[in-house]
Amino acid sequence: MAKRDFYEVLGVPKGSDDAALKSAYRKLAMQYHPDRNPGNDEAEHKFKEISEAYDTLKDPQKRAAYDRFGHAAFEQGGGRGPAGFGPEFSSSMSDIFEDIFGDFMGGGGGGRGRGGQSRLRGSDLRYNLEISLDEAFTGQTVDIDVPTLAACDTCEGTGAKPGTGMSTCRHCNGQGKVRAAQGFFTIERTCPVCNGRGQILEQPCTDCGGQGRRQQNRTLSVDIPKGIEDGTRIRLANEGEAGLRGGPPGDLYIFISLKPHDLFHRDGADLYARVPIAMTTAALGGEFEVPTLDAARARVKVSPGTQPGQRVRLKGKGMPILRSKDFGDLYVQLDVETPQSLTKRQRELLEEFDRESTQDNSPTSDGFFDKLKKMFEG
């Protein structure tokens, strides 16, 4: 049976770049991988076919030879590759998998322990912690309960029943991988017996089932620094899940979120507050006090003629700046409140004030309506 064109096998045009080749191969290899299609001979054949195609096209020398001579370029010299390319022209399929899939195909994964045993790193964990704005201002130490997989006390994380140990996997001779020759290529796969560990348990621990870790809740203390912002991530190294059978633990990532505050809105190190004031206070001037997050009070002075939305800046009354001795500012926005439910006397006074008003009393509104008048006349 004649071989299919390698570009056709991968489903890419002849001029495709390396990224397109890699993407096409990754998608097809995951679809037809033997581990995902146990007992499917057709899938295994397609997997070998696409692996051979990618191994050829990913190498610039092999690809140049194939583009020029086709499959005939690899039929010389008893399968050693075309003359002039040397022994390095042949390569193991494990190089492809290591480049494309990494841990998925058994490469990496935390290294190997004593005797060839694979030491898989534990998973990282995420913990969402909500704190108040006051707690972010002062900083504090918080205790959290984290459900996690911790090292088994019975077997001390080895996964082996006390008094027993590990024995070398006979299927892979402790290598954790097995190889199968397929003509020009050598395909390397994770050992199906020991799952890449190179060793098997003589007797698994009865408390953890041979995992070397058990589910439990842990109480951890977390230091919340002053001035921490919403969305900040705190990393606690080695406080994640314990690794499989003595493998290194993962990390714990704590994501901070801030509860809404009744008075203040935060923007970086600055705080903002909206305070309603009476129309007479805005016109005549005055002062009032606002609470601050340092458990004190700050005096706000209102200048005569204050306009709605005007802000007063209180320097250094904002949030602490992280890893600094400085503080942000507090901005108080003054919202002028129009009086309601007027008495007869109050209405008379306002009407009298309106009759006595001049353009100097309301320069902005008078100027605006003067412009409108000119537009209408035009």
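A pocket is an open set of grid points, where a 1.4 Å probe fits, with protein on both sides within 12 Å along at least five of seven lines. In this predicted model, the largest pocket has a volume of about 820 Å³. The protein chain that holds this pocket contains nine helices and 15 strands. The points below cover the chain as a whole, the pocket, two buried serines and two residues with positive phi.

**The chain as a whole**

- Of the 378 residues in the protein chain, 37% are buried.
- Among contacts with a separation of 6 or more in the protein chain, 63% are between residues 24 or more positions apart.
- The exposed area of the protein chain is about 23200 Å², and carbon and sulfur atoms contribute 47% of that area.

**The largest pocket**

- The lining of the largest pocket consists of 21 residues; those nearest the pocket centre are Met279, Ala283, Phe353, Asn361 and Ser362.
- Two or more lining residues come from each of the helices α7 (279–284), α8 (344–356) and α9 (363–377).
- By residue class, the lining comprises ten nonpolar residues, ten polar residues and one charged residue.

**Two buried serines**

- Serine 16 is located in the loop between α1 (6–10) and α2 (18–32).
- Serine 16 has a relative accessible area of 9% and therefore counts as buried, the cut-off being under 20%.
- The side chain of serine 16 comes to 2.7 Å from the backbone oxygen of proline 13.
- When neighbours within four places in sequence are set aside, serine 16 is in contact with Leu21 and Arg63.
- Serine 51 belongs to helix α3, which spans residues 41–57.
- Serine 51 is likewise classed as buried, because its relative accessible area is 1%.
- The side chain of serine 51 makes a polar contact of 3.5 Å with the side chain of tyrosine 25.

**Two exposed residues with positive phi**

- Alanine 295 occupies a position in the loop between β12 (286–291) and β13 (297–302).
- The phi angle of alanine 295 is near 65°, a positive value in a residue that is not glycine.
- Alanine 295 counts as exposed because its relative accessibility is 77%, the cut-off being over 50%.
- Arginine 323 is placed in the loop between β14 (311–314) and β15 (330–337).
- Arginine 323, which is not a glycine, has a positive phi of about 55°.
- With a relative accessibility of 78%, arginine 323 also counts as exposed.

Key
Residues are numbered from 1 along each chain as its sequence is written. This is a predicted model: local features need pLDDT of at least 70, side-chain atom pairs count only at pLDDT 80 or more; totals for chains, interfaces and linings use all residues. Side-chain values use heavy atoms; hydrogens and water are left out. On a 1 Å grid over the protein atoms alone, a cavity is a set of points where a 1.4 Å probe fits but cannot get out, and a pocket is an open set with protein on both sides within 12 Å along at least five of seven lines; lining residues have an atom within 4 Å of a point. Grid points are joined across faces, edges and corners, and a volume is the space filled by probe spheres set on the points. Helices (H or I, at least four residues) and strands (E, at least two) are DSSP runs, numbered from the N terminus. Ala, Val, Leu, Ile, Met, Phe, Trp, Tyr, Cys and Pro count as nonpolar, Asp, Glu, Lys and Arg as charged, and the others, Gly among them, as polar. Buried means under 20% relative accessible area, exposed over 50%, partly exposed in between (1.4 Å probe, protein chains only). A polar contact is a pair of N or O atoms within 3.5 Å; within protein, one must be able to donate a hydrogen and the other to accept it, and residues adjacent in sequence count only if both atoms are side-chain atoms. Contact means heavy atoms within 4.5 Å. Accessible areas come from the Shrake-Rupley method with a 1.4 Å probe; for residues, only the protein chains shown count as cover.
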